[in-house]
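I opened this model with a fresh notebook page and a cup of tea beside me. Here is what I looked up, entry by entry.

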Amino acid sequence: MPKKKLSFEDAMKRIEEIVSDLERGELPLEKSLDRFEEAVKLARSCQQTLEAAQKRISKLVRTEEDSFTLEPLDEPSED
Amino acid sequence: MRPIDDAIEKEKVYSVSEITSCIKDAIESEFAQVWVIGEVSNCKVHSSGHTYFTLKDDGAQMRCVLFSGSARRLSVLPENGLKIYARGRVTVYEKQGQYELIVTTVLPTGKGELYIAFSKLKEKLAEEGLFDPERKQPLPKFPSRIAVVTSPTGAAVRDVIRAATKIHQGVELVVYPVRVQGEGARDEISQAVADLNSLGGFDVIILARGGGSIEDLWAFNEEIVARAVSDSEIPVVSAVGHEIDYTIADFVADARAPTPSAAPALVLIDYVDVKTRLRSLMQQARSEVFGLIERHGQFLTGLRSHYGLRRVSDRLTDRARDIDEMLVRAETSVVSMTDAEAARLSRLKGEFEALSPTATLERGYSICFHGDTKKIVKSYKDVDVGDSVSIKFSEGGVVSRVEKRGKELT
C-alpha cells in the first residue's frame, strides 16, 4: 500500500480495484482483510474530502513581479 | 528700436529645429496612447513589411504607419475604404515637419467588421489546427483546485461559485481577477492563463464572463487569448456569454460551457454521484469480506466436527489465532459498520474463540497425553494400568500413573 496520500481520483480507482479483487474471491483471507482495511481507510479519506464543510474561495493577488499571494475573496453580494 | 526688435527682445525666438522639437515633445507626451477612428485610404505595404496609410474623416486626415512587427500580431489589417479604430502613439517626424500615428492595434468598427475579424481569426487558427479535437485535453475527473479567470465583481464569478459549491463543498476556488472587457482585457486574460500555468497546482482553469454584445465579449475573440488558452498545460474551460454566443476562446478551449453557471457542472460532474458510488462500493467490499469470514468459519467448524479434539493440531490452533487477530483488526478498521454487521462480526469472533483449545481448557476440560507416545488419550483402550500419562490443564499440568481403566469408569 503506497504511503503517499492518493488523489481523490486515484483513491476511488483503488477502492474499485479492491472491490473487484474481493469479488473475484481468489485472495486468501489475510490478504482480503488487508485489502478491506485499505479500502476502508481510503473510503474514510474520500468521505472527508467530500464532506469538507468549509468553502475555500480566494483570489490571487499579485504582490510583485511573478509573485502572488492568496487573499479571501469578498463574495459579490446577491442583487 | 523698431517694434519688431522690441518683440524679439521680449519673446523667445526658436530655431525651426527647436520649435519642432518642442512640438514633438508636447505632442508625443500628450498623445502617447490614443484610439483614432477613421477611414483608411492610400494604404501601401512597403517591401519592408511596414504599412503606410492615411486615416481620414470628413474634416481632416492623418498619416499613419503600422510596422511589420505590430502587423504580425493583428487579425485585421488596414485596407482602403475600411473604417477602423487605430490605437497607437502620435509622433512627429522632424525632418519633414509632419506628425503621424504609429499604429499598434487595429480594430474594425461596427459589428459587420467584428464578424469579419472573428471569421478571419477563426479560419486562421483552424488552419493551424488549434481547434483540432486531438489537441483537447481531458478534464480532470475529481479536481480539487479550480482557477477562475474573471472579473471579481461581476455576476459570472458569483454564478460560478454558487454552482460549484452546490455540487461539491470541498472544492477550492481561486479567482484570478481580470478585466473581461475593454482596454487591456485581452492582455490580462492571456497573462492570467500564463501565470496560472507557471504557478501550477491548479487542476482546471475556467474563463468566465457573463453575456454581452459582441464588442463586450471581444477580448475572448483575440488571438493572444486564443494562443494563451492553446498553450495552457492546465485544461481550460471557456464559459463566456450566453448559450448562443460563441467566441474564439470557446473553440480553442478544452471544453466549452454554455454559460458561467454551467461551467462547474462540467468540471465537477464526477462528484455528483460519487457519495452513492462510494457507499455502494464499501457495502460490496464488506459483504465480500463477511462472506469470506463466514466461509472460513464453516471450514473450521467442519474441521472440528470431523477430527474432534483427537487431532487438534498446532496448525489449527495457529489458524484460529490468526483469524482471531485478523478479525480484531478488521473490526477496528470498519469505521462505518452498521450495528447488525458489528454484532455479526463479534458473534463470528466468539465462534473462533470457542474453537481454540485454550478456550476449551479454560472451561474446565483437560487434555490427557500418553506418557510414552505423547498421543492424546481418547479411550481407556489407549492406556494400560501402570502407564504414565500427562494431563494438561488450562494452567499447567500433572504427570500421573494409571491405576484402573474401564469403559464405565469416570
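**Entry 1: Chain A**

I began with contacts in chain A between residues at least 6 apart in sequence, and 31% of them join residues at least 24 apart. A reminder to myself: this is a predicted model. I then listed the elements of chain A and found two helices and two strands. Read from the N terminus, their order is α-α-β-β. I also checked burial: chain A has 79 residues, and 23% of them count as buried.

**Entry 2: The sheet with strands from both chains**

Next I traced an open sheet of seven strands, with the order β2(A)-β1(A)-β7(B)-β6(B)-β8(B)-β9(B)-β10(B). The pairing in this sheet is mixed. Which strands stand at the edges? I found β2 (67-72) of chain A and β10 (255-256) of chain B there. Each has a single partner strand, so one side of each is left without a neighbour in the sheet.

I looked at one pair in more detail. Strand β6 (residues 145-150) and strand β8 (residues 204-209), both of chain B, pair in the parallel sense over four bridges. Here B:Ala147 stands opposite B:Ile205 of β8(B).

Then I turned to the helices on this sheet. α6(B) packs on the sheet, where it touches β2 of chain A as well as β6, β7 (172-177), β8 and β9 (236-240) of chain B. I noted an angle of about 160 degrees between the direction of α6(B) and that of β6(B). α9(B) also packs on the sheet, touching β6, β8, β9 and β10 of chain B. The direction of α9(B) makes about 150 degrees with that of β9(B).

**Entry 3: A closer look at the two helices**

In α9 (residues 263-272) of chain B, I marked B:Ala263, B:Pro264, B:Val267, B:Leu268 and B:Tyr271 as buried. Looking down the axis of α9(B), I saw why they belong together: the buried residues fall within an arc of 95 degrees, so they line one face of the helix.

In α6 (residues 185-199) of chain B, I picked out B:Ala185. Is B:Ala185 buried or exposed? I counted 21 C-beta neighbours inside 10 Å, and the cut-off for buried is 20 or more, so B:Ala185 counts as buried. Leaving aside neighbours within four places in sequence, I found B:Ala185 in contact with B:Val178, B:Arg179, B:Val180 and B:Ala219. I also checked B:Ser151, which is 34 residues from B:Ala185 along the chain; their C-alpha atoms are separated by 9.9 Å.

**Entry 4: The nonpolar cores**

Which residues have the most contacts inside the largest nonpolar core? They are B:Val148 and B:Ile206, in a core of 70 residues. At least three residues of this core come from each of domain 2 (139-271) and domain 3 (274-362) of chain B. Setting aside neighbours within four places in sequence, I listed the contacts of B:Ile206: B:Ile146, B:Val148, B:Val160, B:Val237, B:Ala239 and B:Ala263.

I found a second, separate core of 11 residues, which includes B:Val40, B:Phe53, B:Cys64 and B:Ala86.

**Entry 5: Strands around the second core**

I followed B:Phe53 into strand β2 (residues 51-56) of chain B, where the side chains alternate. B:Thr51, B:Phe53 and B:Leu55 point to one face and are buried, while B:Tyr52, B:Thr54 and B:Lys56 point to the other and are not.

Strand β1 (residues 34-45) of chain B runs antiparallel to β2(B), with five bridges joining them. B:Val40 stands opposite B:Leu55 in this pair. The hairpin of β1(B) and β2(B) has five residues between the strands, and I noted that B:Gly49 takes a positive phi near 100 degrees there.

On to β3 (residues 61-66) of chain B, which pairs with β2(B) in the antiparallel sense over six bridges. The bridge partner of B:Phe53 in β3(B) is B:Cys64. A hairpin of four residues joins β2(B) to β3(B).

**Entry 6: A three-stranded sheet**

Last, I looked at an open sheet of three strands in chain B, with the order β11-β12-β13 and antiparallel pairing. Its edge strands, β11 (367-370) and β13 (397-401), each pair on one side only. Direction ignored, neighbouring strands here are turned by 25 degrees against each other on average. β11(B) and β12 (residues 388-392) of chain B share four bridges, and B:His370 has B:Val389 of β12(B) as its bridge partner.

Notes: Residues are numbered from 1 along each chain as its sequence is written. Chains are lettered from A and ligands numbered from 1 in the order in which they are written. This is a predicted model: local features need pLDDT of at least 70, side-chain atom pairs count only at pLDDT 80 or more; totals for chains, interfaces and linings use all residues. A residue is buried if 20 or more other C-beta atoms lie within 10 Å of its own, exposed if 12 or fewer, and partly exposed in between; C-beta atoms are placed from the backbone. The arc is that of the directions from the helix axis to the C-beta atoms. Two residues are in contact if their C-beta atoms, placed from the backbone, lie within 7 Å. Two strands pair if DSSP finds at least two bridges between them. Axes are lines fitted to C-alpha atoms, for helices over the stretch in contact, and angles run from 0 to 180 degrees between N-to-C directions. A nonpolar core is a set of buried Ala, Val, Leu, Ile, Met, Phe, Trp, Tyr and Cys residues joined through C-beta atoms within 7 Å. Domain bounds come from an automatic or database domain assignment.
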